[in-house]
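Trainee: I should be grateful for a close look at a single part of this structure. Please give it as one connected account, with each term explained where it is first used.

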Amino acid sequence: MRFKTRLRVTFVVIIVLPLALTVLAFFGIGLYLMNVQKGFPAVQPGYTALTENMQEVVDATDKAFFHLQDQIAKDPSRLADKEYLEQVNSRIARKTTYIIVRKGEELYYAGNREAAEVIFPKLPGYMENDISEDSGFYFDELDKFVKQLDFVFPDGSEGSAFVITKVNSLISRHLLMDMFVAIFLILMLTSLILTWWIHRGVLKPVNELNIAMRKIKEGNFEYSLETDAKGEIGDLYRNYEDMRLRLKETTEENREGQKQNRELVSNISHDLKTPITAIKGYVEGIMDGVADTPEKIDKYIKTIYNKANDMERLINELTYYSGIDNNRIPYNFHRINVADYFGDCVEEVGLDLEQKNIELNYSNLARSDTVVIADPEQMKKVINNIISNSVKYMDKPKGVIDIRIMDEVDSIRIGIEDNGKGIAPKDLPKIFERFYRTDASRNSAQGGSGIGLSIVKKIIEDHGGYIWATSREGEGTCINFVLRKYVELQDENE
């Protein structure tokens with residue numbers, strides 16, 4: 001539930017629930033008070049009955065009633081004295097309690113003449129009711145409580161004295177006290193319900209989110225929050241989950257990057273140490289006079305030169321990797337003729353391979369006018385890295401590398417295949433990953449930073465192509481990559 005809806009419901013509940021419960025309490029308490037009062041018979045209550053404390057009504061009536069009762073027992077003739085009756089009526093505490101005295105069928109005295117004329121015709125006759133000392137009767141339609149005393153006037157006439165009290169003239173103090181307690185309990189109940197509802201719907205989720213955020217702060221990205229709630233709370237939970245997963249992924253990537261960087265430093269350190277050690281050894285040989293002939297000196301100097309080239313290659317590879325990692329590889333794309341370009345590349349690398357006793361075979365099945373858009377320098381790096389990798393893992397006395405260019409309608413496929421030791425099926429999907437090396441032993445003959453093929457993949461993809469490898473253990477490996485042909489648009493008017 002959304003916060004706006006929750007606030008609207010809270011507003012309505014604060015008003016409607018206490019009001020409804022107060023009305024129910026009012027009628028319930030009023031009904032109870034009316035029916036439990038001593039000496040008051042059960043009647044059908046109306047609003048006026050519910051607002052009056054019946055015991056208070058009875059007590060107010062009884063005071064005058066018992067006084068008249070005592071007087072009748074002592075000397076009933078005094079009830080014929082209107083001055084006496086006026087004194088009794090004036091001493092009644094309640095303004096709405098008054099006396100009526102009937103002589104025969106006539107109204108003899110009335111403490112409230114106007115009210116008496118309304119109720120007088122309805123009063124019971126002489127000795128018509130068996131009324132005990134602590135009972136009375138109620139006129140519901142007039143809201144009057146009546147007690148009756150029958151006596152005989154000095155002249156022998158039948159007389160009746162009535163003590164009449166208007167019921168709804170005073171709001172019951174008991175009812176007010178009970179209603180105060182009831183309203184307090186109602187407000188407490190409403191507050192508890194709303195507090196529980198708000199806590200369950202708002203505070204509890206917020207506390208859970210607070211705990212989850214502390215877990216994130218501590219680096220614990222496994223603390224998940226799941227909910228099917230709607231509205232802002234549900235959105236917060238889902239946003240937290242998205243943030244947690246993103247942070248977890250980023251953290252894992254950073255850890256992997258740090259691991260790879262450490263591995264790169266270790267690899268480069270290891271691979272630099274080998275040529276440096278060799279250079280130091282050959283230099284010391286020259287300095288110590290071990291190379292005592294011009295032929296040996298020439299051999300030592302060439303070896304030093306080759307080792308320095310190996311170091312330069314490693315450093316260049318590291319610099320190039322830094323450019324890849326920051327997407328700062330400089331590209332200078334040109335339209336290049338496939339036959340001419342790859343023919344030159346083959347001729348260039350062929351001389352180096354011939355010195356290493358590796359046979360190079362080249363075939364071009366594409367048309368002579370096939371053109372691609374490529375960076376010549378970067379593409380040369382691709383060829384050199386793939387061939388260098390093939391040479392590195394060559395295990396045959398007579399190495400063979402085949403370079404084939406095939407026409408595939410709107411693209412060309414270049415395949416570079418060797419007869420080396422091959423790659424295990426479990427390693428094949430990973431050879432284009434950064435720092436991955438199939439040779440776990442990392443001997444000096446097969447060293448390297450482990451980023452050569454990842455550089456190749458990055459360059460090919462930046463050219464809009466794609467690359468893959470196939471291999472058979474013990475037989476060799478073939479690296480294939482595809483480049484789109486360049487098609488010059490023809491003028492429609494031609």
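Mentor: Arg244 is buried, with a relative accessible area of 7%; buried means under 20% relative accessible area, exposed over 50%, and partly exposed in between, with a 1.4 Å probe and protein chains only. The model is a predicted one, in which local features need pLDDT of at least 70 and side-chain atom pairs count only at pLDDT 80 or more, while totals for chains, interfaces and linings use all residues. Residues are numbered from 1 along each chain as its sequence is written, and side-chain values use heavy atoms, leaving out hydrogens and water.

The partner of Arg244 is Glu241, in a salt bridge whose closest N and O atoms are 3.0 Å apart. Such a bridge is a side-chain nitrogen of Lys or Arg within 4 Å of a carboxyl oxygen of Asp or Glu. Glu241 is buried too, at 15%. The two residues are about one helical turn from each other because they lie 3 residues apart in helix 7 (residues 231-287). Helices (H or I, at least four residues) and strands (E, at least two) are DSSP runs, numbered from the N terminus.

The count of salt bridges comes to 18. Another of them joins Lys296 to Asp292 at 4.0 Å, N to O; here Lys296 is partly exposed at 40% and Asp292 is exposed at 55%. Arg404 likewise forms a salt bridge with Asp402, the closest N and O atoms being 4.0 Å apart, and Arg404 is partly exposed at 27%. Shared partners link Asp402, Arg404 and Glu417 into one network.

Glu417 leads to the sheet, where this residue stands opposite Cys478 in strand 12. Strand 10 (residues 411-418) and strand 12 (residues 476-484) pair in the antiparallel sense over 7 bridges; two strands pair if DSSP finds at least two bridges between them. Ile414 faces Phe481 of strand 12. Of the 9 residues in strand 12, 8 are buried.

Strand 12 also pairs with strand 11, again antiparallel over 7 bridges, and Trp468 has Asn480 of strand 12 as its bridge partner. These two strands form a hairpin with 3 residues between them, and Gly474 in the turn has a positive phi of about 85 degrees. The open sheet as a whole has 5 strands in the order 7-9-10-12-11, with mixed pairing. Its edges are strand 7 (358-364) and strand 11 (466-472), each pairing on one side only.

Helix 10 (residues 376-392) lies across strands 7, 9, 10 and 12, at about 170 degrees to strand 12. Axes are lines fitted to C-alpha atoms, for helices over the stretch in contact, and angles run from 0 to 180 degrees between N-to-C directions. The axes of helix 10 and helix 11 (residues 452-462) come within 9 Å and cross at roughly 145 degrees. Their contact, meaning heavy atoms within 4.5 Å, includes Met379, Val382 and Ile386 of helix 10 and Leu453, Val456 and Ile459 of helix 11. The contact residues divide into 8 nonpolar, 4 polar and 1 charged, where Ala, Val, Leu, Ile, Met, Phe, Trp, Tyr, Cys and Pro count as nonpolar, Asp, Glu, Lys and Arg as charged, and the others, Gly among them, as polar.
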